[in-house]
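Reader: I would like a close look at a single part of this structure, taken slowly. Please choose one loop position, describe its setting, and then follow the connections outwards.

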Amino acid sequence: MTYHNIPPVFDKNSKILVLGSFPSVKSREVQFFYGHPQNRFWKVISLVFNCECPQTVEEKKRFLLLNNIALWDVIHSCDITGSSDSSVKNAVPNDLSQILKNSDVTRIFTNGTLSYNLYNKLCLDDTGIEATKLPSTSPANAAWSQERLVAEWKRLISQV
C-alpha cells in the first residue's frame with residue numbers, strides 16, 4: 001500500500017478544486033503535485049491564466065492561491081505500480097471535507113479519467129458536488145496536444 005504524502009493546497013478564498021488521482025513517483029519524491037517535468041499541468045494552467053509558469057513549490061502554491069484554486073488528489077492510499085493510473089487498486093479516498101468546509105469551493109474539476117471515475121465512486125456521495133472531467137495533463141495522454149489541453153482547461157477561468 002502506498003500513501004499520499006502531499007497536503008492539499010487551499011485557503012478560505014479557493015473557489016474551485018482540481019483533483020488528480022494520486023501523486024506520481026516523482027511528485028512523491030519532490031513532495032509536490034505534478035513534479036514530473038514531462039507532466040504538462042503547470043504549463044497548461046499558467047497558459048490558461050496567461051501567467052508565467054511557476055517553477056518552485058512556493059511559486060506554484062502562490063499561483064494556485066492567487067487564482068483561487070485548491071489542489072489535491074482523490075486517492076489517500078492505494079496499491080500502485082510506479083506511477084501508472086491503470087495499475088491503481090484498492091483505492092481509499094482522501095477526506096475532501098477539510099477543503100470544502102474551510103473554503104468557498106463550489107466547483108470540482110478532475111484531471112483525467114481515473115480521478116473522475118474514482119471521485120464519482122468514492123467521494124460524490126459525501127461532497128454532493130458533481131465534478132467536471134478535464135483531459136489529463138499526463139504525458140501518457142499523448143493524444144492531447146498542449147494547445148488542445150489549454151483550450152479545454154480554459155473552462156476553469158469561467159469558474160474563478
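Author: Asn-68 has a relative accessibility of 18% and is therefore counted as buried (under 20% relative accessible area, with exposed over 50% and partly exposed in between, for a 1.4 Å probe and protein chains only). This is a predicted model, in which local features need pLDDT of at least 70 and side-chain atom pairs 80 or more, while totals for chains, interfaces and linings use all residues. Numbering runs from 1 along each chain as its sequence is written, and side-chain values use heavy atoms, without hydrogens or water.

Although Asn-68 is not a glycine, its phi is positive, at about 60 degrees, and its place is in the loop between H3 and E3 (helices, H or I of at least four residues, and strands, E of at least two, are DSSP runs numbered from the N terminus). Tyr-34 makes a useful companion to this position, since Tyr-34 is likewise not a glycine and has a positive phi of about 55 degrees. Tyr-34 belongs to the loop between H1 and H2, and with 13% relative accessibility Tyr-34 also counts as buried. Tyr-34 is among the residues touched by Trp-42 (contact means heavy atoms within 4.5 Å); leaving aside residues up to four places away in sequence, Trp-42 also touches others, including Phe-32, Phe-33, Cys-53, Pro-54, Lys-60, Phe-63, Leu-64 and Leu-71.

On one side of the Asn-68 loop is helix H3, spanning residues 57–66, which holds both Lys-61 and Glu-58, three residues apart and thus about one turn of the helix. Their side chains meet in a salt bridge at 3.9 Å from N to O (a side-chain nitrogen of Lys or Arg within 4 Å of a carboxyl oxygen of Asp or Glu). Both partners are partly exposed, Lys-61 with a relative accessible area of 31% and Glu-58 with 48%.

The count of salt bridges by this rule comes to three, and the others can be set beside this pair. In helix H1, residues 25–30, Lys-26 and Glu-29 are three residues apart, so about one helical turn separates them, and they form a salt bridge whose closest N and O atoms are 3.8 Å apart. Here Lys-26 is partly exposed at 32% relative accessibility, whereas Glu-29 is exposed at 56%. Glu-152 forms a salt bridge with Arg-155, with the closest N and O atoms 2.7 Å apart; Glu-152 is partly exposed, with 25% of relative accessible area, and Arg-155 is partly exposed as well, at 37%.

On the other side of the Asn-68 loop is strand E3, which belongs to an open sheet of four strands in the order E3-E2-E6-E7, paired in parallel (two strands pair if DSSP finds at least two bridges between them). Strand E3, residues 69–73, is an edge strand, as is E7, each pairing on one side only. Towards the E7 edge, E6 and E7 pair in the parallel sense over four bridges, and Lys-133 of E7 is the bridge partner of Thr-110.

From these strands the picture extends to helix H5, residues 113–122, whose buried residues are Ser-115, Leu-118 and Tyr-119. What covers those residues includes strands E2 (16–20), E6 (107–111) and E7 (131–134), together with strand E4 (75–79), strand E5 (89–93) and helix H6 (124–127).
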